[in-house]
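Please open the structure in your viewer and keep the sequence panel beside it. The tour below proceeds stop by stop, saying at each one what to select and what is to be found there.

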Amino acid sequence: MKAVYPGQEEGWQVFGSVSDVEGKCVCTLLAPPQNLCKKDPRHKRLRQLTEHVQNVSQYLEVLDLRTSRDLQYIRDSEKQLISPYRSRSLALQELKQSVLKCLPLLAVLSQFRADVAQLEHLQQEVERLRSGLSLLQEQMEAYDYYQLQHRALLLEDRLQTCVNTVGCGKLTGISHPVTIRSFGSRFGSWMMDSMILSSDNRVWSMDGYYRGRRVLEYSSLSDFTKGQNFVVHQLPHPWAGTGHVVYNGSLYYNKHQTNIIVQYNLHSRTVTLQRNLGQAGYNNTFPYSWGGSSDIDLMADESGLWAVYTTIPNGGNLVVSRLDPTTLEVLKSWDTGFPKRSAGEAFLICGTLYVTNSHLAGAKVHFAYNTNTSEYEYTDVPFHNLYSHISMLDYNPRERVLYTWNNGHQVLYNVTLFHIIKSFADT
């Protein structure tokens with residue numbers, strides 16, 4: 001027998017034809033053929049949707065690839081557009097900064113133009129001096145000794161007038177160091193006579209900073225370099241620090257454990273003068289940053305003899321005092337306002353005190369105080385500290401160089417000064 005059940009419309013058929021031994025009906029189920037679903041319209045629709053999804057997926061892959069490529073192109077183009085703009089912007093900013101830096105040079109250039117004219121005048125004057133000397137040499141036999149001496153003095157006066165016309169200048173640069181000699185301990189001082197008109201070429205050295213008495217005198221810089229031809233001065237009073245100076249044939253130094261300045265005549269080998277320096281600190285009370293009992297620093301420049309020190313009333317700030325070299329009296333003093341313990345060393349050029357910010361490597365001239373105007377400024381003049389520990393730094397106006405004692409080495413520096421040329425009408 002054949003029975004049709006729900007679901008037959010989908011191709012399923014059930015046949016019941018026999019029964020087993022227990023009387024139960026045994027049914028036979030016939031599944032629809034495999035290709036029946038293909039005729040179903042829903043199957044066709046599903047296949048179409050599947051193909052459409054595949055097509056869309058492929059299209060999306062292509063679109064993603066093309067979009068990524070286009071995005072990278074846009075990014076590359078953006079870099080190319082922005083890079084020149086930034087380069088031009090930076091170039092314009094640098095050009096603007098350069099122009100701003102050059103503006104102050106206009107006044108300097110104007111001064112240089114005026115100086116060039118004055119220098120040409122000086123050159124002509126020197127040429128006339130040279131001609132006068134040549135003529136004098138030719139006429140040596142035509143004049144007696146007194147006439148020649150008189151003419152020589154006139155020429156010397158004219159030459160000095162030319163030298164004075166050059167005038168003083170402002171420190172703008174310090175050269176690379178020149179090592180003259182390696183001698184002595186870590187601390188010390190060496191010097192030549194600082195008197196501008198002096199013809200004395202001797203060199204003096206004083207090794208150490210504590211209770212020294214022995215001063216070595218060399219007949220010339222060449223002998224000092226070689227360590228030969230020297231005599232010894234045994235001072236009656238020991239020194240303190242390294243701030244000594246030779247001025248007009250005398251050694252000026254700070255007496256050990258006092259604030260007394262001693263004048264020692266190098267020719268007569270005697271102490272000619274001693275004077276107390278007011279309330280000046282001593283015995284390592286107000287030293288430079290390196291210590292060494294450097295409380296009182298004596299120095300000389302184009303205008304004379306000076307003492308640099310400090311006092312308790314001045315709060316430890318650097319004090320500059322102009323001294324009378326014959327009496328050691330203080331002629332005038334200036335409070336610079338700069339703390340001495342923050343200074344590495346100091347020196348004077350043309351009445352201006354220059355102070356370094358350290359005695360070690362990397363130091364520079366950091367502060368300047370002009371005694372002519374009683375004004376100060378912060379500066380930035382570097383110099384190469386070759387041996388990393390300076391315990392003495394002084395200017396010699398006759399040679400226009402800086403003398404330093406640098407960790408057992410004696411070193412020279414040339415200085416560059418910006419000169420204000422004076423006209424002959426001002427001399």
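## The disulfide

Begin by selecting C168, which is partly exposed, with a relative accessible area of 35%; here buried means under 20% relative accessible area, exposed means over 50%, and partly exposed lies in between, with a 1.4 Å probe and protein chains only. This is a predicted model, in which local features need pLDDT of at least 70 and side-chain atom pairs count only at pLDDT 80 or more, while totals for chains, interfaces and linings use all residues. Residues are numbered from 1 along each chain as its sequence is written, and side-chain values use heavy atoms, with hydrogens and water left out.

Now add C350 to the selection, a residue that counts as buried at 9% relative accessibility. C168 and C350 form a disulfide with their sulfur atoms 2.4 Å apart, the term being used for a pair of cysteine sulfur atoms within 2.5 Å. The link of C168 and C350 is left-handed, with -85 degrees about the S-S bond. C168 lies in the loop between helix 3 (145-166) and strand 4 (169-174), and C350 in the loop between strand 18 (346-349) and strand 19 (352-356), so the pair ties together parts that are 182 residues apart in sequence. Helices (H or I, at least four residues) and strands (E, at least two) are DSSP runs, numbered from the N terminus. A search of the whole structure finds one disulfide.

## The whole chain

Next, show the chain as a cartoon: its secondary structure comes to four helices and 24 strands. Of the 427 residues in the chain, buried residues make up 38%.

## Strand 21 and its surroundings

Select V381, which is found in strand 21 and is buried, with a relative accessible area of 9%. Leaving aside residues up to four places away in sequence, V381 touches L171, T172, G173, I174, K364 and V365, where contact means heavy atoms within 4.5 Å. One of these residues to pick out is I174, since V381 and I174 are 207 residues apart in sequence and 7.3 Å apart in space, C-alpha to C-alpha.

Move on to K364 and D380, whose side chains meet in a salt bridge (3.4 Å, N to O); the term covers a side-chain nitrogen of Lys or Arg within 4 Å of a carboxyl oxygen of Asp or Glu. K364 lies in strand 20 (residues 364-370) and D380 in strand 21 (residues 375-382), so the pair ties together parts that are 16 residues apart in sequence. K364 counts as partly exposed at 25% relative accessibility, whereas D380 counts as exposed at 55%.

## More salt bridges

A search of the whole structure finds five salt bridges. For another of them, select D200 and R202, where the closest N and O atoms are 2.5 Å apart. D200 is buried, with a relative accessible area of 18%, while R202 is partly exposed, with a relative accessible area of 22%.

Then go to E399 and R398, whose side chains meet in a salt bridge (3.3 Å, N to O). E399 counts as partly exposed at 36% relative accessibility, and R398 is buried, with a relative accessible area of 16%. To see a network instead, select D200, R202 and E217, which are joined into one by salt bridges that share partners.

## Strands 6, 7 and 8

Select strand 7 (residues 203-207), which is mostly covered, as four of its five residues are buried. Strand 6 (residues 188-192) and strand 7 pair in the antiparallel sense over five bridges, two strands being counted as paired if DSSP finds at least two bridges between them. Within this pairing, W190 stands opposite S205 in strand 7.

Three bridges join strand 7 to strand 8 (residues 210-218), and these two strands run antiparallel; here V203 stands opposite Y218 in strand 8. The hairpin of strand 7 and strand 8 has two residues between the strands, and in this hairpin G208 takes a positive phi near 90 degrees.

## An open sheet

For the last stop, select strands 10, 11, 12 and 13, which form an open sheet in the order 10-11-12-13 with antiparallel pairing. Strand 10 (245-247) and strand 13 (270-276) stand at the edges, each with a single partner strand, so one side of each is left without a neighbour in the sheet. Inside the sheet, five bridges join strand 11 (residues 250-254) to strand 12 (residues 260-265), and the bridge partner of N254 in strand 12 is I261.
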